[in-house]
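The exercises below are meant to be worked with the sequence and the coordinates side by side. Please attempt each task before reading the solution that follows it.

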Amino acid sequence: MSDSDLIKLYSARILGLAADIPHHGRLAAPQGTARRRSPLCGSTVTADVMVKDGRIAAFAQDVKACALGQASAAVLGAVVIGRTLPELHAARDGLRAMLKADGPVPAAPFEGYEVLLPARDYTNRHASILLPLEAICEAMEAALAAA
């Protein structure tokens, strides 16, 4: 990776998001929890949720990832409260398609993922970027199954 490629990939906007992840931490008594790990890079994300009426009422995430994974967690954290499982599945699938199949940016309210468009060319970073959405989907599935 050249220096100019690194500058493009790790933009000031990505680094700013990575430095300010909403809902960072853990919930005291979540209804659903999921921990996802990328075997390629070792990044991990643990998501905790509380669900009310089929929507996320409370959320926390413990993120130990590269700047791209942290930026992804920040985008998710900014819009996750009030979302349903189908909305989260659509965002996860949309982000995967954006990264791996040159698909469009995920639909609102997840359009903030456009900041990660430069990562399309770096397939070794895709798993870390997808971790937050994979973890929240799994955590919400667990919460709904337990209800």
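A residue counts as buried when its relative accessible area is under 20%, as exposed when that area is over 50%, and as partly exposed in between. The model used throughout is a predicted one.

**Exercise 1.** Determine which residues other than glycine have a positive phi, and state whether Asp-102 is buried or exposed.

*Solution.* Begin with Asp-102, a residue other than glycine whose phi is positive, near 55 degrees. Asp-102 is placed in the loop between H4 and H5, and because its relative accessible area is 61%, Asp-102 is exposed. Turn next to His-23, which is not a glycine either and has a positive phi of about 60 degrees. His-23 belongs to the loop between helix H2 (12–18) and E1, and its relative accessibility of 33% makes it partly exposed. As a further backbone check, look at Pro-109, which also lies in the loop between H4 and H5: the peptide bond that joins Ala-108 to Pro-109 is cis, with omega of about 10 degrees.

**Exercise 2.** Work out the strand order of the open sheet and trace the bridge partners of Asp-48.

*Solution.* First take the pair formed by strand E1 (residues 32–37) and strand E2 (residues 44–52), which run antiparallel and are joined by six bridges. These two strands make a hairpin with six residues between them, and in the turn Gly-42 has a positive phi of about 85 degrees. Then take E2 and E3, whose pairing is likewise antiparallel and extends over nine bridges. Combining the pairs gives an open sheet of three strands in the order E1-E2-E3, in which E1 and strand E3 (55–64) are the edge strands, each pairing on one side only. On average, neighbouring strands of this sheet are turned by 15 degrees against each other, with direction ignored. Finally, follow Asp-48 across the sheet: Asp-48 in E2 is the bridge partner of Thr-33, and in E3 the bridge partner of Asp-48 is Ala-60.

**Exercise 3.** Establish how many disulfides the structure contains, and explain why Cys-137 forms no such bond.

*Solution.* The criterion needed here is that two cysteine sulfur atoms lie within 2.5 Å. Applied to the whole structure, the search returns zero disulfides. For Cys-41, the nearest cysteine sulfur is that of Cys-66, 5.7 Å away, and Cys-41 is in no disulfide. For Cys-137, the closest cysteine sulfur is in Cys-41, and because the separation is 19 Å, the two are too far apart for a bond. The surroundings can be added as a last step: Cys-137 is buried at 1% relative accessibility, whereas Cys-41 is partly exposed at 41%.

**Exercise 4.** Identify which residues of the largest nonpolar core touch the most other members, and which element gives the most to this core.

*Solution.* The core holds 40 residues, of which Leu-76, Leu-88, Leu-116 and Ile-136 touch the most other members. The elements that give two or more residues are E2, E3, helix H3 (67–79), helix H4 (85–100) and helix H5 (123–146), and H5 gives the most, with 10 residues. To examine one member, set aside the neighbours of Leu-88 within four places in sequence; its remaining contacts include Ile-56, Leu-76, Phe-110, Leu-133, Ile-136, Cys-137 and Met-140. To close, consider Ala-74 in helix H3, which is buried with a relative accessible area of 2% and which, under the same exclusion of neighbours within four places, is in contact with Leu-17, Asp-20, Ile-21 and Pro-22.

Technical notes
Residues are numbered from 1 along each chain as its sequence is written. This is a predicted model: local features need pLDDT of at least 70, side-chain atom pairs count only at pLDDT 80 or more; totals for chains, interfaces and linings use all residues. Side-chain values use heavy atoms; hydrogens and water are left out. Two strands pair if DSSP finds at least two bridges between them. Helices (H or I, at least four residues) and strands (E, at least two) are DSSP runs, numbered from the N terminus. Axes are lines fitted to C-alpha atoms, for helices over the stretch in contact, and angles run from 0 to 180 degrees between N-to-C directions. Buried means under 20% relative accessible area, exposed over 50%, partly exposed in between (1.4 Å probe, protein chains only). A nonpolar core is a set of buried Ala, Val, Leu, Ile, Met, Phe, Trp, Tyr and Cys residues joined through side-chain atoms within 4.5 Å. Contact means heavy atoms within 4.5 Å.
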